Amino acid sequence: MAEKLNKHVLKNGMVILAEPIEAVGSAAFNFMLPAGASRLPDGCCGAANIIEDWIFRGAGKRDNVQLSNAMDNLGLHRTSSVSSSQLNIGAVMEADNLADALELYGDVINQPHLEDSQFAPARQSCIESIRGLEDDPRSKVMLKVRQQFYPSPLGRSTVGDMEELKSLTPEKTRQIVKEHFDLSQAILSIAGKYDFKKIVQQVEKLFAGRQTKPQPLPKQGASGQKYTHIHNDGAQVHIGLMTKTVRPVDKDYYNAQLAVSVLSGGMSARLFTEVREKRGLCYAIGANYHALKEAAGIGCYAGTNPDSAQKTLDVIITEFNRLKEGISEEEMNRAKVGLKSSLIMSSESSGSRAGGIGGDWYMLGKVRPIDEIKDQIEKTTTKSVLDFLNRNKFQEFTIVTIGPKKVNV
Amino acid sequence: MEFKKKTLPNGLTIIGEMNKSAKTAAIGFFVKTGSRDETPQISGVSHFLEHMMFKGTEKLSAFDVNNAFDRTGASFNAGTGWETTTYYAAILPEYLGDIQNLWSDLMRPALREDDFNLEKNVIKEEIAMYKDMPDFDVLDRCQKLYFGDHPCGNSVLGTEQSIDDLKVQQMRDYFTMRYSPNNMTLAVVGNFDWQQVCDIAQAKCGQWQNQKVERKVTDTRGSGKKERIEKPNLHHEHICLISPAVSAESRRRFAASLLSTIVGDVVGSRFYWQLIDNALADSASMQYGPMDGVGVFYSTFNCNPEQTGKVMDVVNRIFADLKEKGISTEEMQTAKNKILSELVIHNEIPKGRLHSFGGNWVYLGQYRSIEDEIRDIKSVTVDEIVSLIKDYSPQEYTQFSIGPAK
């Protein structure tokens, strides 16, 4: 594959990464700012979510309405999210509009108005999102299980905490923006169709003049409890589960990824076959690899009727533990092909590739070329995965259930 | 982009849009059948059948099928709606032949009784899952309330009872009637070899038997009823409004699509500025739902139950304003920019392109390039949108709400 990474580092430390994609007319960019949920001071859970909204309510010479109209007129498909470590803001657009879009985002990052009058609606909309999560048990259970699984504050809710949100003031939140929009740790990643020379000139002009200093990383505390049940008189019991595995920097990273793929990479994978196809216990069942820079886990979700919840959980845990006992060559080949093809498919889309290269840089301090990842997947063997699983047995599972009935763990 | 088309003697249409510089290909069978083609006795059969198509053929077991898909690394799935059932995969070009062979085999399934009985549990789990998703539940119930006895009100999933009562022979009969080659389209986009696609189609699908397939198409403007149910475990009020619109075949569909963007796009729309920006609602959107011979606008809202009255006042005012004052040129231009950019971005990858390419063929029986779509959206005028509002005012809505006890 002919992809080639462009890279430039500003004097203040901000990194710009870009990768061209042939055959597309779009461009996508993403700013990763070190203002994710776990990076913020204690007692401010939800501040990142307010900020994600508030910074777009007027910036530079445009007020709230003018800024939104300017973005709409460029046909921007805006993306934003709060993760454990980052506040991500970006957009996908037709490539011709990239420079104009970066100009607007320069204002949003450097000169957000952060007016008092816009604080209340920004916060209220976060409060409503938390309330809305109560009506979405499937999303809530995975959020809760990450909260319990990761050492505090890494698993801190990326939606916010109701009480802490209510206690936040415009002053306090403005202070957080000032301290945490630290460009020395910011990453701008771009993919699709672009002219890198022009981007560098523009980004230098927008951001190089601003010097900021990094905030200390939070101290890690303990993980939460191993089993949590939240009562809800819904139709199903929603089961969320996580167990520890290696991080992306680890030499066993590909062994872990392939183990997850054997468990849940496709419809012929272990969990789907055992839980849904053979026993008809669930409609939705799946596991995935979930990584922060500091820790990583394998997460699993299943939704099932209350009478089948115990059996579903038992089969899932049996399958996790049984994995180390043997994997056939055919299973391994399917897992490899599955990982490789999803990699190539996600590299076709400017939006997902922009996210991918930024994520790599943050996690690994480098961007892995697609061919390198393919080689690493290829080199992984059944033996190496089994050795890895036997050296790193799944010892503990953190489990959360939401529904009308508890399970025994 | 090069358009290709071939029709087999039994009526199966094969269409392709070739893009040799794409890294992948996408392929799908589009079957013109869905819950609107069901009778009450077989409610849910289209969707249940879609699950059963993965259970194999006389020669392949369900596990063989899953295995065969996963061996190619395909990103594949299927979906059933009110009007169509679609089976699709995105795939690296070297595996396209394998996947086309596999999908073609699966289009003539075994429909074994044992598999049928076990899969009933999975379908019932899926029904339960959607009960825990109020935003979906409210739309499904509002669809029923709006359409009443019109077949587009039929539930895609069916009910636990209808699934329990369904017999495998009823499913086999439905399959024979609806999965007739003249009611199916095979669509391929991206990087593929057209001759190979045609050769496989001829070899695998050429002997499929034809049936006379019909669908009753009638228009309706909805019941206009308003209903609410309570679920004590909910925290938000979930509201769905359905109002009449033009059908998928109408030349006015571009104006309808622009109108829904002006009124209810997730950002920058009238709903956004009057309901989301001020945090009165948690979500608010309007979407145009074009269907075969009939069409609707869906407006959906999600808010704190205490704000429901205020939210509905604002919505009613927005709808009244549209009728009284129309829309501005600026609003229309912004909506055009949004839709055009979405169109280009969404369609530049085979996986995204497949659905509009195949869908256009199923609904219109014609090839429409991205350039055709762009031209038609650009050509819409303010007067056309205003005239659409006059004929299809969103004020004419049917309402269903689900929320906590009052």
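A residue counts as buried when its relative accessible area is under 20%, and this cut-off is used in the legends below, which describe a predicted model.

**Figure 1. The fold of chain A in the predicted model.** The secondary structure of chain A comprises 15 helices and 11 strands. Chain A has a radius of gyration of 22 Å, close to the 22 Å that the globule rule gives for 409 residues, so chain A is as compact as a globular protein of that length. Taken along the principal axes, the box filled by the C-alpha atoms of chain A is roughly 60 × 50 × 35 Å. Among the 409 residues of chain A, 59% count as buried, and of the contacts in this chain with a separation of 6 or more, 82% join residues that are 24 or more positions apart.

**Figure 2. The contact between chain B and chain A.** Chain B contributes 57 residues to the contact, while chain A contributes 63 residues. The size of an interface is often given as the accessible area lost when the parts come together. Between chain B and chain A the buried area is about 5,000 Å², and carbon and sulfur atoms give 55% of this area. On the chain B side, the residues that lose the most area to chain A are B:K23, B:E125 and B:D132, which together make up 13% of what that side buries.

**Figure 3. Salt bridges and polar contacts across the interface of chain B and chain A.** The rule finds 5 salt bridges across this interface. A salt bridge is formed by A:E277 and B:K55, whose closest N and O atoms are 2.9 Å apart. Across the interface there are also 32 residue pairs in polar contact, with both residues at pLDDT 80 or more. Several elements of chain B each supply at least two residues of the side that touches chain A, including α2 (62-72), β4 (75-80), β5 (85-91) and α10 (270-276). The largest share of that side, 9 residues, comes from α4(B). By residue type, the side of chain B that touches chain A divides into 24 nonpolar, 19 polar and 14 charged residues.

**Figure 4. The surroundings of B:N154 in chain B.** B:N154 lies in the loop between α5 (134-147) and α6 (160-165) of chain B. Because the relative accessibility of B:N154 is 18%, this residue counts as buried. Leaving aside residues up to four places away in sequence, B:N154 touches B:S35, B:R36, B:E38 and B:W82. With one of these residues there is a polar contact, in which the side chain of B:N154 reaches the backbone oxygen of B:S35 at 2.8 Å.

Definitions and conventions:
Residues are numbered from 1 along each chain as its sequence is written. Chains are lettered from A and ligands numbered from 1 in the order in which they are written. This is a predicted model: local features need pLDDT of at least 70, side-chain atom pairs count only at pLDDT 80 or more; totals for chains, interfaces and linings use all residues. Side-chain values use heavy atoms; hydrogens and water are left out. Contact means heavy atoms within 4.5 Å. Buried area is the accessible area (1.4 Å probe) that two parts lose on being put together, summed over both. A salt bridge is a side-chain nitrogen of Lys or Arg within 4 Å of a carboxyl oxygen of Asp or Glu. A polar contact is a pair of N or O atoms within 3.5 Å; within protein, one must be able to donate a hydrogen and the other to accept it, and residues adjacent in sequence count only if both atoms are side-chain atoms. Helices (H or I, at least four residues) and strands (E, at least two) are DSSP runs, numbered from the N terminus. Ala, Val, Leu, Ile, Met, Phe, Trp, Tyr, Cys and Pro count as nonpolar, Asp, Glu, Lys and Arg as charged, and the others, Gly among them, as polar. The radius of gyration is taken over C-alpha atoms; the globule rule is 2.2 Å times the number of residues to the power 0.38. Buried means under 20% relative accessible area, exposed over 50%, partly exposed in between (1.4 Å probe, protein chains only).
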